[in-house]
Number of protein chains: 2
Amino acid sequence: MNYYEQNRQNFLEGLQTFLRIPSISTLTEHKPDIQCAAEFVRNELRAAGLANAELIEGEGNPLVYAEWTGAPGKPTLLLYGHYDVQPPDPLDAWKSPPFEPAIRGDDIFARGSSDDKGQIYILMKAVEGLLKSRGRLPVNVKFLIEGEEETGGEHIEAYVRSKPPRLRADAAVICDTEMFAPDLPTLCVGLRGIVYAELHVEGANHDLHSGVYGGAAPNPIQAIAEILSTLKDRDGHIRIPDFYKRVVQPAAKEREAWARLPFDVAEYTHKEMGSKELVGEPEVELFERLWARPTLEVHGIRGGFTAEGAKTVIPARAVAKISTRLVFDQRPDEAFAQLQKAVKDSCPRGVTAEVKLIHLAAPSLVNPDNPFIRAAADAMKQVFGKETVYIRSGGSIPIVGLFDQYLGIPSVMMGFGLPDDNLHAPNEKFHLPNFFRGIEAVARYLEVLGA
Amino acid sequence: MNYYEQNRQNFLEGLQTFLRIPSISTLTEHKPDIQCAAEFVRNELRAAGLANAELIEGEGNPLVYAEWTGAPGKPTLLLYGHYDVQPPDPLDAWKSPPFEPAIRGDDIFARGSSDDKGQIYILMKAVEGLLKSRGRLPVNVKFLIEGEEETGGEHIEAYVRSKPPRLRADAAVICDTEMFAPDLPTLCVGLRGIVYAELHVEGANHDLHSGVYGGAAPNPIQAIAEILSTLKDRDGHIRIPDFYKRVVQPAAKEREAWARLPFDVAEYTHKEMGSKELVGEPEVELFERLWARPTLEVHGIRGGFTAEGAKTVIPARAVAKISTRLVFDQRPDEAFAQLQKAVKDSCPRGVTAEVKLIHLAAPSLVNPDNPFIRAAADAMKQVFGKETVYIRSGGSIPIVGLFDQYLGIPSVMMGFGLPDDNLHAPNEKFHLPNFFRGIEAVARYLEVLGA
């Protein structure tokens with residue numbers, strides 16, 4: 001029995017201790033818990049045998065750093081994840097309390113179990129296992145674990161932008177993604193970027209009576225509807241000029257691999273999404289729509305009178321939150337400028353429209369022939385006993401773009417979550433077989449890479 | 001000096017007493033004030049010499065009834081108004097407390113001064129003056145004053161629908177409208193009707209992550225924008241099939257009279273409306289757009305995430321409050337059915353849309369050649385010394401349709417408010433010269449009609 005088999009119970013108990021810390025980064029009253037979680041990670045890394053384990057304090061929540069650099073001439077990996085978690089509300093939807101980890105069947109239920117404490121614990125325990133059983137690692141590693149991923153990650157962004165020498169590495173490993181299906185080893189090789197903005201529309205400088213002024217007064221809600229329906233057509237095509245200009249089509253080989261993924265469209269549509277049907281560009285296959293096509297979505301809208309009953313007001317203003325997801329090789333700055341121009345051009349008479357940027361992130365695409373990806377695919381295949389599949393994600397992980405831009409390194413997105421893990425929702429869970437196999441897969445990855 | 005000249009100070013003091021009662025019908029804690037205001041009206045009518053002055057109690061706030069029917073063979077007028085008022089908020093925007101009437105210059109400031117206590121007090125004092133100075137009236141009158149005008153008027157609607165014999169009359173006089181300009185005697189001869197509804201759009205049965213599902217998930221906010229922009233074009237034309245079918249164009253004579261109304265379009269646009277420009281059907285003149293064309297307006301919209309910051313959610317539902325103002329000879333039921341069908345037909349894939357009716361009212365149009373209107377125009381002209389103008393109102397007064405439909409009588413809309421009276425807003429006022437001339441004009445009207 002090897003170290004990993006011997007220590008399963010220890011790993012599980014350690015994870016439970018970690019999950020009991022309510023390190024919710026959006027709520028300031030949890031500041032002490034944030035500190036506690038950061039120290040827990042540092043102490044575990046130090047106990048595992050890593051050097052220079054410390055908190056990097058700054059304006060936001062502390063970063064945790066630790067390293068082992070005893071393999072000169074071998075590659076250096078930057079291991080990333082986050083110790084902060086989403087708020088647990090609504091609390092009454094949880095079957096067991098969110099910060100009292102409960103094991104039911106093969107799953108452990110707790111806020112942060114999958115996103116991302118369970119996953120960074122995999123990285124930590126994989127490294128611990130190699131160091132404890134052999135006294136050394138096959139490659140060099142540097143841990144960088146943050147505590148603001150759920151609130152924007154401003155601290156780590158500033159830190160990475162400053163290009164500190166200690167972050168020099170050959171590749172990053174991000175353990176914050178999903179496997180496509182249970183038991184199916186998966187690597188994520190592409191992410192969409194995002195431009196998130198607010199659309200503010202103003203008409204008259206005060207609310208007006210719709211009887212007295214209807215027929216002469218501009219209506220900002222009608223105008224926002226006009227603008228939104230101009231930006232995207234009914235089939236999901238974005239109508240912003242030149243918006244698709246830089247979009248790189250997926251290679252035929254990648255498309256064919258996607259078509260072979262095990263997938264039940266009815267289950268996905270009705271059960272997972274809770275929808276009557278799938279929409280979006282009809283001439284584009286589903287995975288390409290989700291992973292390789294930009295989208296434009298309205299996240300929220302507000303204007304005028306919305307309480308019970310009737311009020312005949314023409315409101316003075318309306319606001320919508322919108323974002324566009326970008327794909328390789330779109331540029332966030334350019335996309336935002338295109339969006340601004342399209343809104344200006346489609347703005348009806350009588351109102352003014354302004355687009356305010358909230359945040360942006362670049363899309364990323366990693367070549368699967370990259371040796372760091374190939375080694376990860378090999379390691380995953382060995383541990384799970386199945387061919388590793390390559391997917392992309394429709395979501396955005398800004399750190400990947402930052403690592404690329406400021407550190408010049410590719411990211412290996414090796415994740416062990418599952419699509420039904422209830423991320424950001426009640427009853428978040430982590431699949432324990434993935435937890436244990438994840439630890440072994442990461443250890444194997446370091447071995448393959450160092451061989 | 002006649003009775004009216006002698007009693008100016010009494011009238012003013014009586015009005016102040018009336019205005020001090022905070023008879024806010026939307027707030028249940030003001031129920032005692034509602035009762036107090038109803039009793040004040042009844043007592044004043046009784047003291048003026050009217051018979052059968054009483055409260056008609058029912059499920060809602062009491063109606064006040066009183067009559068004088070001592071002129072057999074002469075016409076009978078039903079005098080309508082309301083004693084309830086809007087809430088005064090925001091309180092800190094008032095220069096003097098809303099229920100402590102303050103006279104500044106020629107105006108009296110108080111909630112309800114113009115809408116509608118000042119105006120019904122005109123009716124009451126006109127009748128009182130004739131009875132006190134001559135012992136009789138030239139025509140028969142029946143007062144019907146309600147206390148739910150600001151909250152839907154359900155009680156009076158049920159009462160009128162029951163066609164009580166005591167409401168038999170030849171015409172109604174409604175003292176709840178405006179003069180087109182100061183010193184310009186004005187009769188309102190048309191009102192728009194209304195269909196007020198909620199548009200509910202639902203997509204998936206739960207909120208979805210826009211990164212994970214964007215490109216496949218239906219978006220109810222985008223869908224509601226599509227629907228709204230399909231129902232009306234950018235130039236303000238309603239695109240609901242057959243919607244304009246029954247619209248009766250104003251006669252050339254009426255249009256010409258509107259073109260002669262004293263009107264400063266720049267002042268109206270920038271100062272009164274606070275708008276950069278006027279919008280609406282470009283080929284239609286302004287007064288026709290406001291008074292003789294149907295409109296479709298969104299009053300409020302709500303959906304998804306609207307708090308500060310960014311949340312990348314595709315919401316499960318969105319709702320908008322919409323209304324269409326109807327003109328003669330449109331039918332509210334038919335218009336609602338047309339709206340429902342148009343929404344159904346324009347609903348994008350993947351979502352369901354439902355239109356729920358909140359309330360409706362028929363449009364009305366009175367022929368100015370009607371003898372009751374002609375007499376009113378004569379009386380107004382005599383008192384104000386200027387030719388009476390005929391306007392319509394873009395708003396809706398449901399009681400006019402009810403009087404027409406259930407009592408079979410036309411309404412004479414003889415009002416003494418001004419466009420800048422701040423109805424439903426802070427610093428509501430009533431122009432005192434209009435108050436005193438209004439009393440004389442109503443008295444003169446009864447004389448002209450009884451001659």
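**Note on the interfaces of chains A and B**

1. Across the interface of chain B and chain A, the rule finds 51 residue pairs in polar contact, with both residues of each pair at pLDDT 80 or more. That threshold is relevant because the structure is a predicted model, and what follows should be read with this in mind.

2. On the side of chain B that touches chain A, strand β11, which covers residues 295-304, gives the most, with nine residues. The residues of that side of chain B divide into 30 nonpolar, 30 polar and 16 charged.

3. Strand β11 also pairs across the two chains: five bridges join β11 of chain A, residues 295-304, to β11(B), and the two strands run antiparallel. Within this pairing, G304(A) has G300(B) as its bridge partner in β11(B).

4. As to charged pairs, the rule finds four salt bridges across the interface of chain B and chain A. One can be described in detail, namely that of E277(A) with R349(B), in which the closest N and O atoms are 2.9 Å apart.

5. Turning to the extent of this interface, 76 residues of chain B are in contact with 76 residues of chain A. The area buried between chain B and chain A is about 6100 Å², and carbon and sulfur atoms give 50% of it. R349(B), together with R234(B) and I301(B), supplies 11% of the area that chain B buries against chain A, which is more than any other three residues supply.

6. A second interface lies inside chain A, which is divided into domain 1 (3-191 + 363-450) and domain 2 (193-247 + 294-361). The contact between them takes seven residues from domain 1 of chain A and nine residues from domain 2 of chain A, while the centres of the two domains, taken over C-alpha atoms, are separated by 37 Å.

7. Between domain 1 of chain A and domain 2 of chain A, the buried area is about 600 Å², of which carbon and sulfur atoms give 65%. On the side of domain 1 of chain A, the residues that lose the most area to domain 2 are P363(A), L365(A) and S396(A), which together account for 74% of what that side buries.

8. For the polar and charged features of this domain interface, the rule finds two residue pairs in polar contact, both at pLDDT 80 or more, and zero salt bridges. The residues of domain 1 of chain A that touch domain 2 of chain A divide into four nonpolar, three polar and no charged.

Key
Residues numbered from 1 in each chain as written. Chains lettered and ligands numbered in written order. Predicted model: local features only at pLDDT ≥ 70, side-chain atom pairs only at ≥ 80, totals over all residues. Heavy atoms only, no water. Domains from an automatic or database assignment. Contact = heavy atoms within 4.5 Å. Buried area = accessible area lost by both parts, 1.4 Å probe. Salt bridge = Lys/Arg side-chain N within 4 Å of Asp/Glu carboxyl O. Polar contact = N/O pair within 3.5 Å; in protein donor to acceptor, adjacent residues only side chain to side chain. Nonpolar A, V, L, I, M, F, W, Y, C, P; charged D, E, K, R; others polar. Helix = DSSP H or I, 4+ residues; strand = E, 2+ residues; numbered from the N terminus. Pairing = 2+ DSSP bridges.
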